[in-house]
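Work through the exercises below with the sequence and the coordinates at hand, and attempt each task before reading its solution.

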Amino acid sequence: MHDILIVTSRNIVTSGGEFSLIKNRANALKNGWGIESDVAALCNVRLGVSEGGEAFGSGVYVRRDFMNPMQLLSGYEELITTAEKMVLSGSYKAIILSGVGLFRYVDRMKRAAEASGAFVCADVHGYYGDGSLLARDEPFFLGSFHRAAAFVERYEQRHYLRKFDRIFCVSRAYRSFLCRECGCTAGQFYIVPCATGSTPSFGLAEELKYREDYRRKYSVADDEWLLVYSGGASSWQCLPQTARLYREILKRHGAKLLVLSGDVASARVATGDCDGIEFDSFKPSDLPSVFCAADFFVMLREDVPTNHYAYPNKFLEYVAAHRPVIATPYVYDIAEEINRDGVGLLYNGDVDDLVLKMDNAVCDRDSCDRLVQEVSFANSLIPFARDLGSVGSSY
């Protein structure tokens with residue numbers, strides 16, 4: 001029996017964004033403070049993961065077909081009943097409810113935790129409308145499922161979130177929103193982005209060599225700027241907008257755009273015909289060396305709530321490479337950090353102004369490293385570890 005029970009309906013049987021936050025946070029708690037986690041998860045049989053092959057590892061997995069309403073409802077009941085039994089028979093210090101459909105069980109979990117004195121946490125990850133944004137790129141049936149999930153998340157956060165002892169979320173902006181919209185208080189929150197704090201393992205000499213090698217590979221001249229985009233072709237990642245911005249910059253200054261994606265075919269379609277765009281694909285572990293070739297990174301987002309309250313981990317990967325990040329001001333926490341720490345440039349639609357800023361851009365390495373460490377799990381999880389009694393009050 002461990003210190004924390006994670007009860008989740010999120011996808012933790014395959015790797016991905018939801019899995020990364022839950023698993024990386026659990027690993028950071030274990031490695032930093034020896035805090036161990038158990039998991040009880042409702043998982044979708046349509047993902048095709050056999051028993052014992054789950055990405056998270058050992059745990060209790062309730063398997064259901066998420067597209068079958070009756071199966072899904074019975075799955076929730078089995079999951080929460082199983083979690084209650086685990087809490088009643090164990091000595092957990094905290095229970096974390098995570099995912100669509102689980103916040104309504106806050107009272108049941110609190111009753112189960114009374115004997116042990118464990119506190120019950122909600123893990124909201126991000127804006128409750130994320131499913132609606134995701135649905136834009138999906139077939140009608142799957143898109144309808146995610147729109148329904150977004151509706152349920154909105155209802156549950158508005159009606160149940162204030163009842164939790166503590167709440168995990170990824171940004172200060174979303175904390176303010178939830179206090180305003182859901183009646184929560186600032187003291188309930190842990191602000192914990194998906195930030196491992198990892199930085200490149202190579203030194204300055206290797207960095208310069210990688211820069212030379214990759215700029216030669218992509219035929220980037222000394223007087224050209226290399227703009228780097230890393231990610232997929234989903235509409236929310238704004239790859240077409242990135243290509244349009246690149247075309248405008250190209251009219252004013254020599255430049256190339258390097259698009260790094262696991263789906264190069266879709267990325268080519270999204271960018272359209274344009275000279276000077278290079279495409280490539282690498283393993284995540286190889287990206288830091290490729291990033292050395294960059295002069296600027298591009299991370300544009302639309303002016304919609306799901307972006308306002310997010311904290312994309314990609315931003316920290318860019319910052320760790322010690323190059324300025326060109327970003328729109330619509331991810332509120334990141335815009336705040338760019339203004340505060342000078343780790344990037346905010347693009348408001350005025351290309352001439354942006355190019356002038358790019359001409360004079362300076363990115364301080366120490367500021368970059370300081371920001372990466374500031375929001376890392378090693379720092380952001382200290383209040384939670386303290387509440388579990390795993391660190392002293394003066395830590």
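## Exercise 1: Aromatic pairs

In this predicted model, the structure holds 21 aromatic pairs. Classify the pair formed by phenylalanine 119 and phenylalanine 384, and state which parts of the chain the pair ties together.

Solution. A pair of aromatic rings is described by the distance of the centres and the angle of the planes. For phenylalanine 119 and phenylalanine 384 the ring centres are 6.1 Å apart and the planes stand at 80 degrees, so the pair is edge-to-face, since planes over 60 degrees apart count as such. As for position, phenylalanine 119 belongs to strand S5 (residues 119–123) and phenylalanine 384 to helix H17 (residues 382–387), so the contact ties together parts that are 265 residues apart in sequence. Turning to accessibility, phenylalanine 119 has a relative value of 15% and counts as buried, and phenylalanine 384, at 1%, counts as buried as well.

Now treat the pair of tyrosine 174 and tyrosine 309 in the manner of the preceding solution.

Solution. The ring centres of tyrosine 174 and tyrosine 309 are 5.3 Å apart and their planes make 35 degrees, so this pair is tilted. Tyrosine 174 lies in helix H6 (residues 172–182), while tyrosine 309 sits in the loop between helix H11 (305–308) and helix H12 (313–320), so the two rings tie together parts that are 135 residues apart in sequence. Tyrosine 174 is buried, with a relative accessible area of 0%, and tyrosine 309 counts as buried at 9%. Both tyrosines also belong to one aromatic cluster, which is formed by Tyr127, Tyr174, Phe177, Tyr309 and Tyr332.

## Exercise 2: Salt bridges around an aspartate

Find the arginines of helix H7 that form salt bridges with aspartate 295, and decide whether the residues concerned are buried or exposed.

Solution. With a cut-off of 4 Å between nitrogen and oxygen, the count for the structure comes to 32 salt bridges. One of them joins arginine 211 to aspartate 295, with the closest N and O atoms 2.7 Å apart. Arginine 211 is in helix H7 (residues 204–217) and aspartate 295 in the loop between helix H10 (287–291) and strand S11 (296–299), so this pair ties together parts that are 84 residues apart in sequence. The side chain of arginine 215 likewise meets aspartate 295 in a salt bridge, at 2.9 Å from N to O. Arginine 215 also lies in helix H7, so its pairing with the aspartate in the loop between H10 and S11 ties together parts that are 80 residues apart in sequence. Arginine 211 is buried, arginine 215 counts as buried at 8% relative accessibility, and aspartate 295 counts as buried at 16%.

## Exercise 3: A salt bridge between two helices

Describe the salt bridge of glutamate 374 with arginine 340, including its location and the accessibility of its partners.

Solution. The closest N and O atoms of glutamate 374 and arginine 340 are 3.1 Å apart. Glutamate 374 lies in helix H15 (residues 365–374) and arginine 340 in helix H13 (residues 332–341), so the pair ties together parts that are 34 residues apart in sequence. Glutamate 374 is partly exposed at a relative accessible area of 39%, and arginine 340 is partly exposed at 45%. Elsewhere, Arg172, Asp333, Glu336 and Glu337 are linked in a network of salt bridges.

## Exercise 4: The buried residues of H8

Check the span of helix H8 against expectation, and determine where its buried residues fall around the axis.

Solution. At 1.5 Å a residue, the twelve residues of H8 (residues 239–250) should span 16 Å, and the end C-alpha atoms are 16 Å apart, which agrees. The buried residues in H8 are Leu239, Thr242, Ala243, Leu245, Tyr246 and Ile249. Seen down the axis, the buried residues of H8 fall within an arc of 160 degrees, so they line one face of the helix. The general background is that an α-helix has 3.6 residues a turn, so residues three or four places apart point the same way.

## Exercise 5: Cysteines

Why does neither cysteine 179 nor cysteine 182 form a bond with its closest cysteine sulfur?

Solution. The sulfur of cysteine 179 has its closest cysteine sulfur in cysteine 184, at 6.0 Å, which is too far for a bond. For cysteine 182 the closest cysteine sulfur is again in cysteine 184, at 5.3 Å, and this too is too far for a bond. The structure holds zero disulfides.

Conventions. Residues numbered from 1 in each chain as written. Predicted model: local features only at pLDDT ≥ 70, side-chain atom pairs only at ≥ 80, totals over all residues. Heavy atoms only, no water. Helix = DSSP H or I, 4+ residues; strand = E, 2+ residues; numbered from the N terminus. Buried < 20%, exposed > 50% of the residue type's maximum accessible area, 1.4 Å probe, protein only. Expected span 1.5 Å × (residues − 1). Arc of directions from axis to C-beta. Phe/Tyr/Trp six-rings, centres within 6.5 Å; stacked < 30°, edge-to-face > 60°. Disulfide = S-S within 2.5 Å.
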